[in-house]
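Please open the model in your viewer and display it as a cartoon. The tour below proceeds by selection, one stop at a time.

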Amino acid sequence: MPDTIATQVSENQIKIMQIELSHIYTLDLLPHHHRDPFDRIIIAQAMDEKISIASIDKAFDAYSITYGTLRERENLVKLYQLK
């Protein structure tokens with residue numbers, strides 16, 4: 001598994017983000033539109049870092065975050081439906 005992760009990180013130029021104190025402060029200010037703690041930290045990181053995220057989870061829509069292009073989101077939905 002570690003080799004698979006390392007390969008995907010390299011091939012897809014994925015940045016592994018650490019949880020910073022600023023993310024925790026942002027997390028503390030988030031309204032509770034979403035109950036999943038892992039998704040909430042992802043949302044807080046995206047807001048704090050001003051980066052876009054891709055998710056098919058409609059609960060993300062309740063927050064002030066940006067997504068990738070519409071095409072990227074549609075592709076993500078198609079990929080999810082294949083599983």
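The stops that follow begin with the whole chain and then turn to individual helices, loops and residues.

**The whole chain**

This is a predicted model. Begin with the complete chain, which contains four helices and zero strands. Followed along the sequence, the pattern reads α-α-α-α. If the viewer can colour by accessibility, apply that scheme now: 22% of the 83 residues count as buried.

**Helices α2 and α3**

Select residues 21–29, which form helix α2, together with residues 37–49, which form helix α3. At what angle do α2 and α3 pack? The angle is about 110 degrees, and the axes lie 8 Å apart. Because angles of 65 to 115 degrees count as roughly perpendicular, α2 is described as roughly perpendicular to α3. The crossing in which α2 passes α3 is right-handed.

**The nonpolar patch**

Keep α2 in view and select Tyr25, which belongs to this helix. Is tyrosine 25 buried or exposed? Its relative accessible area is 54%, so tyrosine 25 is exposed, the threshold for that class being over 50%. Now add Ile19, Leu21 and Ile24 to the selection and switch to a surface representation: with Tyr25, these residues make a nonpolar surface patch of about 430 Å².

**Two loop residues with positive phi**

The next two stops concern backbone geometry. Most residues other than glycine have a negative phi. Select glutamine 13, in the loop that runs between α1 (2–11) and α2. Its phi is near 50 degrees, a positive value in a residue other than glycine. Glutamine 13 is also exposed, with a relative accessible area of 74%.

Proceed to lysine 50, located in the loop between α3 and α4 (70–82). Lysine 50 is not a glycine either, yet its phi is positive, at about 55 degrees. With a relative accessibility of 72%, lysine 50 counts as exposed.

**Tyrosine 63**

Remain in the loop between α3 and α4 and select tyrosine 63. Is tyrosine 63 buried or exposed? The relative accessibility of tyrosine 63 is 6%, so this residue counts as buried, since the buried class covers values under 20%. As a final selection, add isoleucine 43 and draw a distance between the two C-alpha atoms. Tyrosine 63 and isoleucine 43 are separated by 20 residues in sequence, while their C-alpha atoms are 7.8 Å apart in space.

Note on methods:
Residues numbered from 1 in each chain as written. Predicted model: local features only at pLDDT ≥ 70, side-chain atom pairs only at ≥ 80, totals over all residues. Heavy atoms only, no water. Patch = residues over 30% accessible without salt bridge, like charges linked within 9 Å, V, L, I, M, F, W, Y side chains within 5 Å. Areas by Shrake-Rupley, 256 points an atom, 1.4 Å probe, with all protein chains shown as cover. Salt bridge = Lys/Arg side-chain N within 4 Å of Asp/Glu carboxyl O. Buried < 20%, exposed > 50% of the residue type's maximum accessible area, 1.4 Å probe, protein only. Axes fitted to C-alpha atoms, helices over the stretch in contact; angles between N-to-C directions. Parallel < 35°, antiparallel > 145°, perpendicular 65-115°, else oblique. Left-handed = near helix turned anticlockwise from the far one by under 90°.
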